[in-house]
Structure formats: C-alpha cells, structure tokens
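I sat down with this one and a fresh page to see how the helices pack, where the cysteines sit and which backbone angles stand out. Here are my notes, in the order I looked things up.

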Amino acid sequence: MKRMILSCPTLKKELMQLLSDHHLEYPVYFLPSKLHSSPSQLHEYLQAIIDEQLDVDQILICVSGCGGGTSKLRATTAELVIPKTRDCVDILLSQDSVPSIRRAADGIFLTDSWMEFFRESSLDYQSMVNLCGQSRAEERLKTIYQGFEHFYMIDTGTYDLAPVKEYIQPLVSLLGGTLEIVPGKCGILKNLVTGVFDDDFQIVPKGTISK
C-alpha cells in the first residue's frame, strides 16, 4: 500500500524520529504553521492536497481535530486516516496503552516546535516588549493569559528541554505560574505511522467524507 503523510509542523521531530525508528520512508508534507489559527483555511489546504494526489492509496493526516479543520474532508483520491484527537497536543501526550487522553484544561503545553510557533506569533514575550514597552506588554500578557498560568513542557525525548524552559520562564514568572515537565509518549502518532488503526482513528474510505 502506498502511503503519504500530511503533518502539522509541530510534530516534525517526533514524526521523523518514529519513521526512522521503524525504517519507514513515507513521503511527508508539512503544512504551513500559519494554518494553526484558521481551521477553515486548514480545511481548504488539506482538501486541495488530497485532491491533487495521483498515486497514493492512503493518506495519513497528522493534524487531528484542530478546531474542526479535518471535519468533512472528502477522500477524493485515497483513503484517509485521521486521529480522533482535539489537537496535536493530544497526539503528543497519548500513551501506548491508554486510549483516553487526560490533560489540564487550563494548561499551556510546549515542545521545542511549539516554542518556535510561539516565538513567531504575536504572543511572543520579547516581541511584545519590543513593540509595546515592558510595562504595557506585561499588562497585555497578563490579560491574554488570565486563567492559563500552568505551563507544561512535553518531554518526547527528541529535543533538549533547557532552551524551552529558558524561553518560557519569563512569561511563567510574570504570571506567577507553574512550569512542569510531563512525558509525551506519542502513542497515537506511533500507531498512525505503523498502521495500527484502533478506535483512536477515523478511517475515511475513498469516495466518502470525514465526520
């Protein structure tokens, strides 16, 4: 069976490590990071890529729910496999033997890939300070993050935790928040790339539409 992968860039290191570990050489297409903030554009982008495939039997979508961006995708050219998760954080936190994923509803989760996403966004601490000045930036950040003072670094074993901690610590200190390291076993991602499609996945046969 010929497979290809469409993936969120925040899963890049974990995905490439798993492909290497299992000696798999599926073609991988990483989506633009800007699509994180627009589920409708994410849907359109995914659909366009799906529609243009000519020689593939199955498309593995490492994007998950993401605000409904994977809902009602048409499997026009190949069967689709989509994780039944809310977002990529769920994928990273998933365990090998625990299908139900638990995570703090008021938490902010980070890996080094997510750090880069934050660094390039309007929520970057230093960029906001440079733009607005220290006092005003801190006031804005306190308002934006109100109720979200708990930060978690997901240790997937694929990157150095120290730079991520150094990056996020000023914001954690500003908010009087907490910073905790949690394991990221990436169980769903492992099952996806190795073809173990259990109840954590939606299989969309060619010619049908995803839920």
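**The loop before α8**

I began with Cys186, which I found in the loop between β7 (178-183) and α8. I am working from a predicted model, and I keep that in mind throughout. The backbone caught my eye here: Cys186 has a positive phi of about 55°, although it is not a glycine. I jotted down for context that most residues other than glycine have a negative phi. Next I asked myself whether Cys186 is buried or exposed. Cys186 is buried, since its relative accessible area of 5% falls under the 20% cut-off.

**Cysteine pairs**

How many disulfides does the model have? I counted zero, taking a pair of sulfur atoms within 2.5 Å as the rule. Cys62 is in no disulfide, and the nearest cysteine sulfur to it, that of Cys88, lies 8.3 Å away. I also checked the surroundings of Cys62 and found it buried, with a relative accessible area of 1%. Then I went back to Cys186 and asked why its sulfur makes no bond to another cysteine. The closest cysteine sulfur, in Cys88, is 11 Å from that of Cys186, which is too far for a bond.

**Helix α8 and its cover**

I moved on to α8 itself (residues 187-194). Six of its eight residues are buried, so α8 is largely enclosed by the rest of the structure. I listed the buried ones as Gly187, Ile188, Leu189, Asn191, Leu192 and Val193. What covers them? The cover includes the strands β1 (3-7), β3 (58-62), β4 (79-83) and β8 (201-204), along with the helices α1 and α3 (88-93). Just after α8 I noted another positive phi, about 80°, at Gly195.

**α1 against α8**

Since α1 was in that cover, I looked at how the two helices pack. Helix α1 (residues 12-21) meets α8 at an angle of about 50°, and the axes are 10 Å apart. The two are therefore oblique to each other. I recorded the crossing of α1 past α8 as right-handed. On the α1 side the contact uses Glu14, Leu15, Leu18 and Leu19, and on the α8 side Leu189, Lys190 and Val193. I sorted the residues of this contact into five nonpolar, no polar and two charged. Leu189 and Val193 had already turned up in my list of buried α8 residues.

**α4 against α7**

My second helix pair was α4 (residues 112-119) with α7 (residues 161-175). Their axes come within 9 Å and cross at roughly 35°. Which hand does the crossing of α4 and α7 have? I noted it as left-handed. From α4 the contact takes in Asp112, Met115, Phe118 and Arg119, and from α7 Pro163, Val164 and Tyr167. Here the residues of the contact divide into five nonpolar, no polar and two charged.

**One more positive phi**

I closed the page with His23, which has a positive phi of about 55° and is not a glycine. Where does His23 sit? I placed it in the loop between α1 and β2 (28-30). His23 is exposed, because its relative accessible area of 71% is over the 50% cut-off.

Methods. Residues are numbered from 1 along each chain as its sequence is written. This is a predicted model: local features need pLDDT of at least 70, side-chain atom pairs count only at pLDDT 80 or more; totals for chains, interfaces and linings use all residues. Side-chain values use heavy atoms; hydrogens and water are left out. Axes are lines fitted to C-alpha atoms, for helices over the stretch in contact, and angles run from 0 to 180 degrees between N-to-C directions. Helices (H or I, at least four residues) and strands (E, at least two) are DSSP runs, numbered from the N terminus. Angles under 35 degrees count as roughly parallel, over 145 as roughly antiparallel, 65 to 115 as roughly perpendicular and the rest as oblique. A crossing is left-handed if the near helix is turned anticlockwise from the far one by less than a right angle, and right-handed if clockwise. Contact means heavy atoms within 4.5 Å. Ala, Val, Leu, Ile, Met, Phe, Trp, Tyr, Cys and Pro count as nonpolar, Asp, Glu, Lys and Arg as charged, and the others, Gly among them, as polar. Buried means under 20% relative accessible area, exposed over 50%, partly exposed in between (1.4 Å probe, protein chains only).
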